[in-house]
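User: Could you pick one part of this model and take a close look at it with me? I'm new to this, so please go step by step and keep it friendly.

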Amino acid sequence: MIFEKILGNENDESFSEKLHHLSHKSLVDYIEIKPEDSFRRRMRMVSINGREYKLAIPRSQKIENGSILWLSEDFAVVIRILNGPKIRVTPKNITSAVRLGYHCGNLHWKTNFIQGGIDIILSGESQNYFDRLKTLEEFADFEVEYLENDN
Amino acid sequence: MTAARIGIGGPVGSGKTALIEQLLDNFKKKSISVAVITNDLVTDEDALRIRKSGKLKEDRVVAVQAGACPHTVIREDPSLNISAADKLESKFPDLKAILIESGGDNLASTFSLDLVDWWMFVIDVAGGDDIPRKNGPGVLNCDLLVINKIDLAPYVGVNLEDMLLEAKSARHGRKVISSNCKTGIGVDELFSIIENEVIFE
Ligand SMILES: Nc1nc2c(ncn2[C@@H]2O[C@H](COP(=O)(O)OP(=O)(O)OP(=O)(O)O)[C@@H](O)[C@H]2O)c(=O)[nH]1
Ligand SMILES: [Mg+2]
């Protein structure tokens, strides 16, 4: 089965009731996507029930947590984006914060800005990230915390 | 359905254009409609070469000039390449795949997934068997690592088997393939991987 467009999100009012109904009867199949794969518009995917699907959505769309790929009277397919592990970095002062932001940008890391710091979204080995942060220690003062995924 | 956008990156001279020329034969054999975008620094060299090869109608080969470091137009701001791909798709509605060759770059170059759906990184045996060990982001993050020019291994003192093992271990088991783009060894296998993973024919 190939999905060629995202129909909506499970949180959209127009879909939520119908999906709720289907999920009570176990008629919703979920596809879990790693955070780094959530940027893809075309790929093979396997659902939690072991079904194989293909994705080939338009360039203008992007999958999100809760994206609905299929919805009929008796079946639905919904995306779950997994929360991968993160590294939370908290700079101790403004100079360090600027250095840190510049460093993450230079390395093309995917980050989320949070109050007082940065969450680095990991792709691949966490050690690669720790190694790169180590090289910054000489120039900036910050704390590093590894956060396991909380799925 | 949209056409699959496939990135081909890797160091200068590793055999990216040679690989595309080989792949074009496979596309032809299978009658799968394809187009090519080449990226060169300030010339259309690679596009001219592919047009001259006669393997693809000339108007299906488009050149984008990066003007600066090649990775800037496949990652930081890929809008030139995205626009070239969009134009190809509207000009040839039957397109199933667009091959996008990056200009030769360093081991840190990676493709934005806004530009491509799937990408490979081509290194070559003559670049040295230590390349996979250096953990370059291009080598680690690509969907497929291609080790090209295997015919040259005896001349540059490289043990190909060891190089492949090290590459697989650096990539934690993700796909690695070896090829000779002069003769086409490994290209059929590479083509079936592309077909299966992104072309969906
Ligand atoms: N012996 C041998 N030579 C090869 C092979 N593949 C490519 N070459 C040669 O290597 C040289 C560079 O190949 P290209 O295909 O131009 O390499 P490229 O990666 O596209 O180069 P840039 O676009 O300039 O970065 C050419 O002379 C090719 O003929 C191979 O498998 N074996
Ligand atoms: Mg080339």
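Analyst: **The second largest pocket**

Sorting its lining by class, the second largest pocket has seven nonpolar residues, six polar ones and three charged ones. Keep in mind as you look around that the model is predicted.

So how many residues line the second largest pocket in total? The lining is made of 16 residues, and those nearest the pocket's centre are A:Pro35, A:Ser38, A:Ile81, A:Asn112 and A:Ile121. Try clicking on these five to find the spot on your screen. The space inside the second largest pocket comes to about 340 Å³.

Next, which strand gives the most to this lining? That's strand E9 of chain A, covering residues 110-114, and it puts in three residues.

Now zoom out to the domains. Chain A is assigned two of them: domain 1 runs over 2-81, and domain 2 over 86-147. Measuring over C-alpha atoms, the centres of domain 1 and domain 2 of chain A are 32 Å apart. Both domains have a hand in the pocket: domain 1 and domain 2 of chain A each supply at least three residues to the lining of the second largest pocket.

For some contrast, hop over to ligand 1. Its shell has 18 residues, with B:Lys16, B:Thr17, B:Arg49, B:Asp151 and B:Lys182 the closest. By class, the shell around ligand 1 splits into four nonpolar, seven polar and seven charged residues. You can set that beside the pocket's lining, with its seven nonpolar, six polar and three charged residues.

Which helices of chain B each supply at least two residues of the shell around ligand 1? They are H1 (16-29) and H2 (45-53). H1(B) gives the most, with three residues.

Here's how some of the atoms line up. A polar side-chain atom of B:Arg49 sits 2.7 Å from an oxygen atom of ligand 1, and for a polar side-chain atom of B:Lys16 the distance to a ligand 1 oxygen is 2.8 Å. B:Gly13 joins in through its backbone, where an N or O atom lies 3.1 Å from an oxygen of ligand 1. As for cover, ligand 1 on its own has 650 Å² of accessible area, and the protein covers 77% of it.

Terms used: Residues are numbered from 1 along each chain as its sequence is written. Chains are lettered from A and ligands numbered from 1 in the order in which they are written. This is a predicted model: local features need pLDDT of at least 70, side-chain atom pairs count only at pLDDT 80 or more; totals for chains, interfaces and linings use all residues. Side-chain values use heavy atoms; hydrogens and water are left out. Domain bounds come from an automatic or database domain assignment. A residue is near a molecule or strand if one of its heavy atoms lies within 4 Å of it. A polar contact is a pair of N or O atoms within 3.5 Å; within protein, one must be able to donate a hydrogen and the other to accept it, and residues adjacent in sequence count only if both atoms are side-chain atoms. Accessible areas come from the Shrake-Rupley method with a 1.4 Å probe; for residues, only the protein chains shown count as cover. Helices (H or I, at least four residues) and strands (E, at least two) are DSSP runs, numbered from the N terminus. Ala, Val, Leu, Ile, Met, Phe, Trp, Tyr, Cys and Pro count as nonpolar, Asp, Glu, Lys and Arg as charged, and the others, Gly among them, as polar. On a 1 Å grid over the protein atoms alone, a cavity is a set of points where a 1.4 Å probe fits but cannot get out, and a pocket is an open set with protein on both sides within 12 Å along at least five of seven lines; lining residues have an atom within 4 Å of a point. Grid points are joined across faces, edges and corners, and a volume is the space filled by probe spheres set on the points.
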